[in-house]
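The exercises below are meant to be worked through with the coordinates open, and each task is followed by a solution that goes step by step.

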Amino acid sequence: MGKALRSTGGVVSNTGLALHRLGVPVRLMGKVGDDLFGHEILRILWEHGPQLSEGMKLASGEVTSYSIVISPPGVDRMFLHCPGANDTFMASDIDWPAIESRGGVLRGAKILHFGYPPIMRMMYVDGGEQLRGIMARARRAGLVTSLDMCGVDP
C-alpha cells in the first residue's frame, strides 16, 4: 500500500480546479455537510482561490459525500461511496441570481457542468424532475450545459 491521499475529487471539483489553474474564471456550486470533511473541502477550495468556495452550501446536520477508492496495481479501481449531502442537493441549492443576472458574480458565464446525477438522489427521484429543471433553467439563462455521468453497480 502506498500513502493515503486526500483530495476534493469528483468531477465538479476536478474540472473546476483544473480550469482555475489554467486561468479560466470558475465558481464551484455544491453542497457539503457541516462535518470534518465538509469544512476540509471548503478550506482546500478556499486555498486554491477564495471565490471557488463561495457557491458551496454548508448543510447543517448532514454529512459530506465521500468515496474511498481502492486502487491496487493491475486491478480496476473500486469505489466505496457515501452520497451524504449530495443526496439532498436540489435546484434551490444553486445560486441562480448569480447566474441569471447580468450584474451577478457569474456575469459572462458560458457553461454549466453538472456532475454525477445518477448518484444524487434528488436528481433521479420523481422521474428526474429536479435535474430536468436545472438543465432547462440553465439553457434559458443562455448557458451551454454539460452532464458528467457515472455508472452505478447495484
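**Exercise 1.** Is Arg-132 buried, partly exposed or exposed, going by its relative accessibility?

*Solution.* The model is a predicted one, with a mean pLDDT of 89 for the protein and 94% of its residues at 70 or more. The class called partly exposed lies between the limit for buried, under 20% relative accessible area, and the limit for exposed, over 50%. Arg-132 counts as partly exposed because its relative accessibility is 48%. Its salt-bridge partner is Glu-129, with 2.7 Å from N to O between the side chains, and Glu-129 is likewise partly exposed, at a relative accessible area of 42%. Because Arg-132 and Glu-129 are three residues apart in helix H5 (residues 129–140), about one helical turn separates them.

**Exercise 2.** Identify the side chains with which Arg-43 forms salt bridges, and describe the exposure of each residue involved.

*Solution.* One salt bridge joins Arg-43 to Glu-40, at 2.6 Å from N to O, and both residues lie in helix H2, three residues apart. Another joins Arg-43 to Glu-47, where the closest N and O atoms are 2.3 Å apart; these two are four residues apart in helix H2 and therefore separated by about one helical turn. As for exposure, Arg-43 is partly exposed at 32% and Glu-40 is partly exposed at 23%, whereas Glu-47, at 54%, is exposed. A search of the whole structure finds six salt bridges, and Lys-31, Glu-62 and Asp-93 are linked in a network of such contacts.

**Exercise 3.** Describe the surroundings of strand S1 (residues 29–33), beginning with the burial of its residues.

*Solution.* Five of the five residues of S1 are buried. Met-29, Lys-31 and Gly-33 point one way from the strand, while Gly-30 and Val-32 point the other way. S1 runs parallel to strand S2 (residues 55–59), to which five bridges join it, and within S2 the bridge partner of Met-29 is Gly-55. Together with helix H2, the two strands make a right-handed β-α-β unit.

**Exercise 4.** Which elements each supply at least two residues of the nonpolar surface patch?

*Solution.* The elements are helix H2 (36–48), strand S3 (66–70) and strand S4 (78–82), and S3 gives the most, with three residues. The members of the patch, including Leu-36, Tyr-66 and Met-78, have about 760 Å² of accessible area together. Phe-37 also belongs to the patch and is found in helix H2, where it is partly exposed with a relative accessible area of 42%.

Methods. Residues numbered from 1 in each chain as written. Predicted model: local features only at pLDDT ≥ 70, side-chain atom pairs only at ≥ 80, totals over all residues. Heavy atoms only, no water. Patch = residues over 30% accessible without salt bridge, like charges linked within 9 Å, V, L, I, M, F, W, Y side chains within 5 Å. Areas by Shrake-Rupley, 256 points an atom, 1.4 Å probe, with all protein chains shown as cover. Salt bridge = Lys/Arg side-chain N within 4 Å of Asp/Glu carboxyl O. Buried < 20%, exposed > 50% of the residue type's maximum accessible area, 1.4 Å probe, protein only. pLDDT = per-residue confidence, 0-100. Pairing = 2+ DSSP bridges. Right-handed = clockwise from strand over helix to strand, strands pointing away.
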